[in-house]
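Let's take a walk through a protein together. Have a look at the sequence and the 3D picture, and then we'll go through them piece by piece.

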Amino acid sequence: MPDLPSATADEHPPTGDAVLRIVCPTQKRMLPVLVGAFLLLFLLPATFRNLRRAPDDVSWLPLVVLAVMCLLVLAMLYRSFVFRDALCIYKGGDVPEGKLVVAAGSIRSVRALPAPQAWSAEGKWDALGMYPGPIEIDTDSGAFRFGAGLSGYMVGETVDRIADFCGLAPEGWRSLQQQ
């Protein structure tokens, strides 16, 4: 069975309240690993050569550039191998504060976005593991993206789960397939 996002009810919800919790799998992208390896392969020897000089002759700009690039690679690796996109939707009662905690009544629409093409900017961000997600959730306060790490069939299942929980009709390519 594939690693589908899990929808579970909270262990001890207040009476009458329902919770839909969706946790996406990690992305496990290889491109960030390759970018990190090439960074180490090409930039670290030059950095060590620069550090072997006398302290007065050391140029600090390459060291700063290397530090920034290493932070970017670490962010890509974290997003690809550790980060799991999570969303909690509460129906009824008071909604607790949280980063991705939403009241079911405030969700106006849920839609699956088409997969980004490889040559587009979004496709390149997706290859690096930094794509925000293929599901767009429109709420009373604004829209946000969700679902980093979901594959194509998992996107449809997740959109259906959210739409069923909130009492909405799914939008986007998934709803067109069902018609």
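What follows is a short tour, from the overall layout to a few salt bridges, a surface patch and a pocket. Keep in mind as you look around that this is a predicted model.

Start with the big picture. The protein is built from five helices and eight strands. If you travel along the chain from the N terminus, the elements come in the order β-β-α-α-β-β-β-α-β-β-α-β-α. There are 179 residues in the protein, and 35% of them count as buried.

Now find the loop between strand S2 (18-23) and H1, because it is the place of Lys28, which is exposed because its relative accessible area of 54% is over the 50% cut-off. The backbone does something worth a second look here. Most residues other than glycine have a negative phi. Lys28, though, is not a glycine and still has a positive phi, of about 55 degrees.

Arg29 sits in that loop between S2 and H1 too, and it brings us to the next topic: charges. Side chains of opposite charge can pair when their charged atoms come close. How many salt bridges does a search of the whole structure find? It finds four, and we'll visit some of them here.

One of them joins Arg29 to Asp126, with the closest N and O atoms 2.8 Å apart. Since Arg29 is in the loop and Asp126 is in helix H3 (residues 121-127), the pair ties together parts that are 97 residues apart in sequence. Are the two partners buried or exposed? Arg29 is partly exposed, at a relative accessible area of 26%. Asp126 counts as buried because its relative accessibility of 18% is under the 20% cut-off.

Helix H3 takes part in another salt bridge, in which the side chains of Glu122 and Arg145 meet at 3.7 Å, N to O. Glu122 lies in helix H3 and Arg145 in strand S7 (residues 142-146), so this pair ties together parts that are 23 residues apart in sequence. Glu122 counts as partly exposed, at 38% relative accessibility. Arg145 also counts as partly exposed, at 24%.

Next comes the salt bridge between Arg108 and Asp138, where the closest N and O atoms are 3.3 Å apart. The pair links distant parts of the chain, 30 residues apart: Arg108 belongs to strand S5 (residues 107-112), and Asp138 to strand S6 (residues 135-139). Arg108 is partly exposed, with a relative accessible area of 48%. Asp138 counts as partly exposed as well, at 22% relative accessibility.

Let's leave the charges and look at something nonpolar on the surface. Leu31, Leu34, Val35, Phe38, Leu41 and Phe42 make a nonpolar surface patch of about 560 Å². Pick out Val35, which lies in helix H1 (residues 31-51). At 32% relative accessibility, Val35 counts as partly exposed.

The last stop is a pocket. Rolling a probe the size of a water molecule over the atoms shows where empty space is left. In this model, the largest pocket holds about 260 Å³ of space. It is lined by 17 residues, and the closest to its centre are Ala115, Pro116, Pro134, Leu150 and Val155. What kinds of residue make up the lining of the largest pocket? They divide into 10 nonpolar, five polar and two charged.

Terms used:
Residues are numbered from 1 along each chain as its sequence is written. This is a predicted model: local features need pLDDT of at least 70, side-chain atom pairs count only at pLDDT 80 or more; totals for chains, interfaces and linings use all residues. Side-chain values use heavy atoms; hydrogens and water are left out. On a 1 Å grid over the protein atoms alone, a cavity is a set of points where a 1.4 Å probe fits but cannot get out, and a pocket is an open set with protein on both sides within 12 Å along at least five of seven lines; lining residues have an atom within 4 Å of a point. Grid points are joined across faces, edges and corners, and a volume is the space filled by probe spheres set on the points. Ala, Val, Leu, Ile, Met, Phe, Trp, Tyr, Cys and Pro count as nonpolar, Asp, Glu, Lys and Arg as charged, and the others, Gly among them, as polar. Patches are made of residues with over 30% relative accessible area and no salt bridge: like charges are joined within 9 Å, nonpolar side chains (Val, Leu, Ile, Met, Phe, Trp, Tyr) within 5 Å. Accessible areas come from the Shrake-Rupley method with a 1.4 Å probe; for residues, only the protein chains shown count as cover. Helices (H or I, at least four residues) and strands (E, at least two) are DSSP runs, numbered from the N terminus. Buried means under 20% relative accessible area, exposed over 50%, partly exposed in between (1.4 Å probe, protein chains only).
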